[in-house]
Amino acid sequence: MTVPRPLTAHRAAPLSGTIAVPGDKSISHRALMLAALAIGRTRIAGLLEGEDVLRTAAAMRALGAQVTRLEPGFWEVWGMGIGGLAEPEDVLDMGNSGTAARLLTGILASHPIFSVLTGDASLRRRPMGRVIDPLGACGAMFSAREGNKLPMAIRGALHAMPLEYRLTVASAQVKSAILLAGLNARGLTRVEEPVATRDHTENMLRHFGAEVLVEPHGTGRMITLTGQPELIAADIAVPGDPSSAAFPLVAALLVEGSEITVRGVGLNPLRTGLFTALRAMGAKLAIGNERIEGGEPVGDITATAGPLTAAGTEAALAPSMIDEFPILAVACAFAAGTSRLCGLGELRVKESDRLAATAALLESNGVRVKIEGDDLLVTGTGGPPPGGGLATTHMDHRLAMSALVFGSAAAHPVRVDDTAFIDTSFPGFTELMTSIGCQFDA
Ligand code: S3P
């Protein structure tokens, strides 16, 4: 149990400055996992040192890889090779991280070892059936709590069969779990995704020397991995996390007179839906210094405050901004008119029920919202909404950060019940936001 850390955000004077945000969470998890499955030494620069990723580091260590922090953000991993993982002596505790739990389940499914996964109260409520169901076909055996919840025991397959699977939910975590299981299966593993989701696993597998074919397929993609490749250690530079950059950038859009730049932000097109949506609302977001770093597009983003108008987002684009809906909804609360954000069903199974919790955050701060099926409707005030309410974050880092941004630009202060979980993805958040002009107090 962490000790709750309540915080109140007050309306800020204009924000300014040039900052960098911590490394990308999705890429950091994958870097540690694939480095542990590669042969030789991988050096990782810019690794996110949030609690979620530290759980992955500890798990890969427990499975036999040598994982060392050389300096802040700079890590070294000596991998064991595919099939070389050792049976962990103890339960693997993945903390708050669904990505760590689900991706690791894929790896463990095709290694002939016994393991038990658990997590914190939030993760223990989240569905694991979405990975258990497809992975069972490779020969692994799972025994989980009622409703396929953690804790869960896994007996990995001795000779894993390659999987062919069509995703039933648009989830990069499920896709990645299947591909990672396929690494230790002889033959071709194929995943069909009806809607494209973040492709960091595919990119990084290639970076380590695996054969991965990605083809357009209907409305989405077909991904084919050739099993049992020899992954060769390869250094990785982790870009800044666009999902983290979203918070200071939206804060700058909303606090009158602000302008800030976030340097070195990952711009993978399957992650930048928020920026597209904000631009459609009239947001001034300029991207400069675009470059490729470590196989991923990266750039510097400057946000300048200005009026926003309501917009809508289509369900097909939801995966490209799946973690950004709470902060997008906050932006919509300041825009003129009613925005409709479509296809948010998956938000119900994130670190919290983010659909309900985002609606509650806005409603308790004087904003009109409505949930219609899987859509969220936000009626903005065309300027600072009242605020003055309490935000309940339900062990969810992104709700806490969204609420603090809301409070930084609303008419009255917003009290956030617990900001401790921000450390799972964005260590140093409050200090960084304070450095650009935000005003928080306990
Ligand atoms: C992630 C995928 C997304 C996202 C999560 C990170 C990943 O989950 O919400 O924060 O790294 O693959 P789903 O794939 O389940 O939507």
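Before we start, here is a definition: Ala, Val, Leu, Ile, Met, Phe, Trp, Tyr, Cys and Pro count as nonpolar, Asp, Glu, Lys and Arg count as charged, and the others, Gly among them, count as polar. Keep in mind too that this is a predicted model.

**Exercise 1: Sorting the shell**

Task: Sort the residues that surround the ligand by class, and find which helices each supply at least two of them.

Solution:
- Step 1. List the shell: Ser26, Arg30, Thr99, Ala170, Ser171, Ala172, Gln173, Arg198, Ile322, Asp323 and Lys350 surround the ligand.
- Step 2. Apply the classes, and you should arrive at three nonpolar, four polar and four charged residues.
- Step 3. Look for helices: α1, residues 25-37, and α5, residues 172-182, each bring at least two residues to the shell.

**Exercise 2: Holding the ligand**

Task: Which pocket holds the ligand, and how much of the ligand's area does the protein bury?

Solution:
- Step 1. Locate the ligand: the largest pocket is where the ligand sits.
- Step 2. Check a side chain: an N or O atom in the side chain of Arg30 is 2.7 Å from an oxygen atom of the ligand.
- Step 3. Turn to the backbone. Ala172 places a backbone N or O atom 2.7 Å from a ligand oxygen, and a polar backbone atom of Gln173 is 2.9 Å from an oxygen atom of the ligand.
- Step 4. Finish with the area: the ligand taken alone exposes 380 Å², and the protein buries 96% of that.

**Exercise 3: Backbone angles**

Task: Describe the peptide bond between Leu150 and Pro151, then find phi for Asn289 and for Met395.

Solution:
- Step 1. Read omega: with a value of about 0°, the bond joining Leu150 and Pro151 is cis. Pro151 belongs to strand β9, residues 149-155.
- Step 2. Move to Asn289, whose phi is near 55°, a positive value in a residue other than glycine. This residue is part of strand β16, residues 284-293.
- Step 3. Ask how open the site is: Asn289 has a relative accessible area of 52%, so Asn289 is exposed.
- Step 4. Now take Met395, where phi is near 60°; that is a positive value in a residue other than glycine. Met395 lies in the loop between β22 (390-391) and α11 (397-409).

**Exercise 4: Buried or exposed?**

Task: Decide whether Ser122 and Glu314 are buried or exposed, and then count the buried residues of α9.

Solution:
- Step 1. Recall the cut-offs: buried means under 20% relative accessible area, and exposed means over 50%.
- Step 2. Ser122 has 1% relative accessibility, so Ser122 counts as buried. You can find Ser122 in the loop between β7 (114-118) and α4 (129-136), and its side chain reaches the backbone oxygen of Glu351 at 2.7 Å.
- Step 3. Glu314 has 56% relative accessibility and therefore counts as exposed. Its place is in the loop between β18 (312-313) and α9 (325-334).
- Step 4. Count along α9: ten of its ten residues are buried, among them Phe325, Leu328 and Cys332.

**Exercise 5: Chain and space**

Task: How far apart are the C-alpha atoms of Glu314 and Ala277, and those of Pro6 and Gly187?

Solution:
- Step 1. Glu314 and Ala277 are 37 residues apart along the chain, with 9.7 Å between their C-alpha atoms.
- Step 2. Pro6 and Gly187 are 181 residues apart in sequence, and their C-alpha atoms are 52 Å apart in space.
- Step 3. Place Pro6 in the segment before β1 (7-10). Its relative accessibility is 31%, so Pro6 counts as partly exposed.

Terms used
Residues are numbered from 1 along each chain as its sequence is written. This is a predicted model: local features need pLDDT of at least 70, side-chain atom pairs count only at pLDDT 80 or more; totals for chains, interfaces and linings use all residues. Side-chain values use heavy atoms; hydrogens and water are left out. A residue is near a molecule or strand if one of its heavy atoms lies within 4 Å of it. A polar contact is a pair of N or O atoms within 3.5 Å; within protein, one must be able to donate a hydrogen and the other to accept it, and residues adjacent in sequence count only if both atoms are side-chain atoms. Accessible areas come from the Shrake-Rupley method with a 1.4 Å probe; for residues, only the protein chains shown count as cover. On a 1 Å grid over the protein atoms alone, a cavity is a set of points where a 1.4 Å probe fits but cannot get out, and a pocket is an open set with protein on both sides within 12 Å along at least five of seven lines; lining residues have an atom within 4 Å of a point. A molecule sits in a cavity or pocket if more than half of its atoms lie within 2 Å of its grid points. Helices (H or I, at least four residues) and strands (E, at least two) are DSSP runs, numbered from the N terminus. Buried means under 20% relative accessible area, exposed over 50%, partly exposed in between (1.4 Å probe, protein chains only).
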